[in-house]
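The following paragraphs lead through one protein model, from a single histidine outward to pockets, rings and loops. Please keep the sequence and the three-dimensional view at hand while reading.

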Amino acid sequence: MLAISAFAQSDQWAALRVFEGKWEGITSGKPGAGTTSREYRFELNEKFLSQRDTSVYRQNPTAKPFEHEDFGVLSYDTDLKKVLWRQFHSEGFVNEYSLDSVSADGKSLVFITTHIENLPGFRAKKLYHIISPDEIDETFYLAPPGKDFEVYTVAHLRRKK
């Protein structure tokens, strides 16, 4: 894995530019199977990257769907020389992530929480695999207090045309 600071020397957003735009896809995991839509947009002269997500899950065909929403803001911390991400969830918790690693080819990114507000002791991790500029896989891991990470959801996203 490359150090994150290598990307920051030329373009602090280099590893994340592929996300810009609108995405749709399928998702599955602990909440059930469903659909997801995402939007990533640079804000305020590219000082921030905003993210918005809506996912709708069904446990079974007769169950009322569960809708999850979150929005976040990614920023580059010049002191830490890292991308940080604060993500606010409709369930009331806030994940604070740090971009932990980017693969040498730039196709795998790992974000790990540094803190989760309103969910004491939990940890989370997001792994993104860039299949192409128009296709991304995301795996979201969750770890309850004192436990190892387990897959919570998996999403396959395609860029909206």
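Apart from residues up to four places away in sequence, H89 touches H68, E69, D70 and N95, where contact means heavy atoms within 4.5 Å. The model is a predicted one, in which local features need pLDDT of at least 70 and side-chain atom pairs count only at pLDDT 80 or more, while totals for chains, interfaces and linings use all residues. Residues are numbered from 1 along each chain as its sequence is written, and side-chain values use heavy atoms, with hydrogens and water left out.

H89 belongs to strand β5 (residues 82-89); helices (H or I, at least four residues) and strands (E, at least two) are DSSP runs numbered from the N terminus. With a relative accessible area of 12%, H89 is buried. Buried stands for under 20% relative accessible area, exposed for over 50%, and partly exposed for what lies in between (1.4 Å probe, protein chains only).

Its contact partner H68 is located in strand β4 (residues 66-77) and is likewise buried, at a relative accessible area of 11%. Two polar contacts involve the side chain of H68: one with the side chain of D70 at 2.7 Å, and one with the side chain of E91 at 2.8 Å. A polar contact is a pair of N or O atoms within 3.5 Å; within protein, one must be able to donate a hydrogen and the other to accept it, and residues adjacent in sequence count only if both atoms are side-chain atoms. Beyond its neighbours within four places in sequence, H68 is in contact with D53, T54, S55, Y57, H89, S90 and E91.

Both histidines reappear at the largest pocket, which holds about 360 Å³ of space. Of the 23 residues that line this pocket, H68, H89, F93, F140 and Y152 are the closest to its centre. Two or more lining residues come from each of β3 (48-58), β4, β5, β9 (135-143) and β10. On a 1 Å grid over the protein atoms alone, a pocket is an open set of points with protein on both sides within 12 Å along at least five of seven lines, whereas a cavity is a set where a 1.4 Å probe fits but cannot get out; lining residues have an atom within 4 Å of a point. Grid points are joined across faces, edges and corners, and a volume is the space filled by probe spheres set on the points.

Closed spaces are present as well: there are two cavities of 30 Å³ or more. The second largest has a volume of about 40 Å³, and its lining consists of L16, F19, Y40, L49, L74, W85, F111 and Y128.

Several of these names recur among the aromatic rings. Ring pairs link F19, Y40, W85, Y97, F111 and Y128 into a cluster, and the structure as a whole holds eleven aromatic pairs. Rings of Phe, Tyr and Trp (its six-membered ring) pair if their centres lie within 6.5 Å; planes under 30 degrees apart count as stacked, over 60 as edge-to-face and the rest as tilted. The ring centres of F19 and Y40 are 5.2 Å apart and the planes stand at 45°, so this pair is tilted. Because F19 lies in the loop between α1 (4-8) and β1 (21-29) and Y40 in strand β2 (residues 32-43), the pair ties together parts that are 21 residues apart in sequence. F19 and Y40 are both buried.

With Y128, F19 forms an edge-to-face pair, because the centres are 5.0 Å apart and the planes are at 80°. Y128 is in strand β8 (residues 123-132), so this pair ties together parts 109 residues apart in sequence.

Charged side chains also meet rings. R17 lies over the face of F42, at 5.0 Å from the ring centre, and R123 over the face of F149, at 4.5 Å. The criterion is that NZ of Lys or CZ of Arg is within 6 Å of the ring centre and within 35 degrees of the ring normal.

Two loop residues complete the tour. Most residues other than glycine have a negative phi. K81, in the loop between β4 and β5, has a positive phi near 55° and is partly exposed at 46% relative accessibility. N118, in the loop between β7 (108-117) and β8, has a positive phi of about 70° and counts as exposed at 55%.
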